[in-house]
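The following exercises concern the packing of secondary structure elements. Please work through each task before reading its solution.

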Amino acid sequence: MSIIQAREIAPAARLENVRYAIRDLACIADEVARQGHKILPLNIGDPLNFDFKTPAHMIEAVYRAMRDGRNGYSSSSGIPPALDAIRGEAVRKGISNIQDVFVTSGVSETVDICLSALLNPGDNLLTPCPDYPLYSAVLAKLEIGLNTYYLNEEDGWQPDLDDIRKKITPRTRGMVLINPNNPTGSVCTRKLLEEVAELARRHNLIIFADEIYDKLIIDDDPHVAMAAVAPDVPVITFGGLSKNYLAPGWRLGWGIASGEAAVINPYLEGVNKLLRARLCANHPEQYAIKAALEGPQDHLIEVKRKLRSRRDLTMKWCAETARVSCVAPRGAFYAYPRLDIPEGDDVFVTEVIRQKHVTLVHGSGFGQRPGTKHFRIVFLPDEKTLTAAYAAIGDFMRERYT
C-alpha cells in the first residue's frame, strides 16, 4: 500500500526577502480587472505596451536568421557579429581597455551572473537607494545583506558621495551605478562619475554600470559612460535592446568588461564559467544586435520627442497637484514624485489601483530615505492616457486627503 505524502514542500528560506515591487502589484491590478474595470498601467516600463514599435530592420535581421537556420545553440558569450558590434558601440561610448564582451538573456541575466560570480558569504555590494529592485532580489537569493547608499533628492537624485564613503567596509566588493537611473530618471554628471571612480580605486571596488537607458536622454544632454571616465578601474557596463531599441521581449542584454587586465581577468574567468553553464542567450535574436547598433537610429528621434512631451506633461501635473513634488527626470521614462500624505505610499498605490484603476509603484518598493514617501510613474503612455490617469489620481488625492 502506497504512503500518501502529507507534508507541504516549502520554498527555500533564502527567498523570504526576494521582492519585486513592480510586478508584485500586478496581482492587485488583476483582481481589479476581473471585476470588469479597465486598468491604466503606469507601472511597467515596456514601451511596446504603448505607441512604440520595434524598428523594422531589427525584426528583418531576426527573421532572416531564423529562416537561414540560426536556431541552434550559439557560443556561450554570443555570436561574433553581435560581439563585434557591441565592442564598436563601446568604443563610440569612449570605453577603452576592453577585456571581454558577452551577450545575455536580458540585462537581468547579466546582473545575476555578474553578482553571482563576485560575492562570497559575508561580502556586500553597494546598491543605490532608491534602486531597481532586481538588484536586491538577486542579493537576497545569494543571501547577501543589503548595503545601500542614498541618492540625494535635493541634488537631482545624484549619488550621495558622503553616504557612499560611510558605507564602504572591508567586505565591500563593488558598487552598482544606474545611469540614467530607474526609478528617478536622473543622469549622473561627469564630475560625480570621476569621484565615484576615485573611490573605486582607493577601495579596490568593481563598478557595475547599468546604462540600459543611455540613448534615452530626454533633453539631448550627453551621456557619459562610467567606464569612459575611468579606463583603469574594473567596470562591467550593462546594455541591451530592451529600452533603447524597443525590444524588451527578445531578452537580449550584454556586459562590457573593462579595466586593467591583471585586476579584472580572474573575476572574468568566474563570469565565463557561469556563462558556459547556462549555454547561451537567444540565438537568432542576437542577429538584431548588429542591426540595432550599426543600423539606422531614426527611431530614437521620435522616441525622445514623445518622451519629452510626456515628461513635460507629467511635471506640469506634479507642479499643479497638492501634496506632490518631483525632481524633473532627465533620462529614461520614469518620474519619482514625492508625496506628503499621512499614510504609507504602499497604501496610496494600492488604493489608487482599487478605487481609480491606475497602477503605480510605491516608493518603498524601490527604497527611500526614512521619513519620505514616493511613487514611480511610467510616462510611456500617450498624452490622452496620461491626462486621464493623472486626473484620476488627482481626484483620489482630493477625496482622501482634504
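Angles under 35 degrees between N-to-C directions count as roughly parallel, and those over 145 degrees as roughly antiparallel. The model examined here is predicted.

**Exercise 1.** Determine how helices α2 and α13 are oriented to each other.

*Solution.*
Step 1. Locate the helices: α2 comprises residues 26–34 and α13 residues 345–356.
Step 2. Read the geometry: the two pack at an angle of about 15 degrees, and their axes lie 9 Å apart.
Step 3. Apply the cut-off: angles under 35 degrees count as roughly parallel, and α2 and α13 are therefore roughly parallel to each other.
Step 4. Assign the handedness: the crossing of α2 past α13 is right-handed.

**Exercise 2.** Identify which residues of α2 and α13 meet, and classify them.

*Solution.*
Step 1. From α2, the residues are Ile 28, Ala 29, Glu 31 and Val 32; in α13 they meet Thr 350, Ile 353 and Arg 354.
Step 2. By class, this contact has 4 nonpolar, 1 polar and 2 charged residues.

**Exercise 3.** Establish which strands stand at the edges of the open sheet, and why one side of each lacks a neighbour.

*Solution.*
Step 1. Write the order of the 8 strands: β2-β9-β8-β7-β6-β3-β4-β5, with mixed pairing.
Step 2. Take the edges: β2 (98–104) and β5 (158–159) each have a single partner strand, so one side of each is without a neighbour in the sheet.
Step 3. Examine the pairing of β2: 6 bridges join it to β9 (residues 253–258), and the two strands run antiparallel. Asp 100 stands opposite Ala 257 in β9.
Step 4. Add the helix: α10 (residues 261–277) packs on the sheet and touches β2, β7, β8 and β9, its direction making about 20 degrees with that of β2.

Note on methods. Residues numbered from 1 in each chain as written. Predicted model: local features only at pLDDT ≥ 70, side-chain atom pairs only at ≥ 80, totals over all residues. Heavy atoms only, no water. Pairing = 2+ DSSP bridges. Helix = DSSP H or I, 4+ residues; strand = E, 2+ residues; numbered from the N terminus. Contact = heavy atoms within 4.5 Å. Axes fitted to C-alpha atoms, helices over the stretch in contact; angles between N-to-C directions. Parallel < 35°, antiparallel > 145°, perpendicular 65-115°, else oblique. Left-handed = near helix turned anticlockwise from the far one by under 90°. Nonpolar A, V, L, I, M, F, W, Y, C, P; charged D, E, K, R; others polar.
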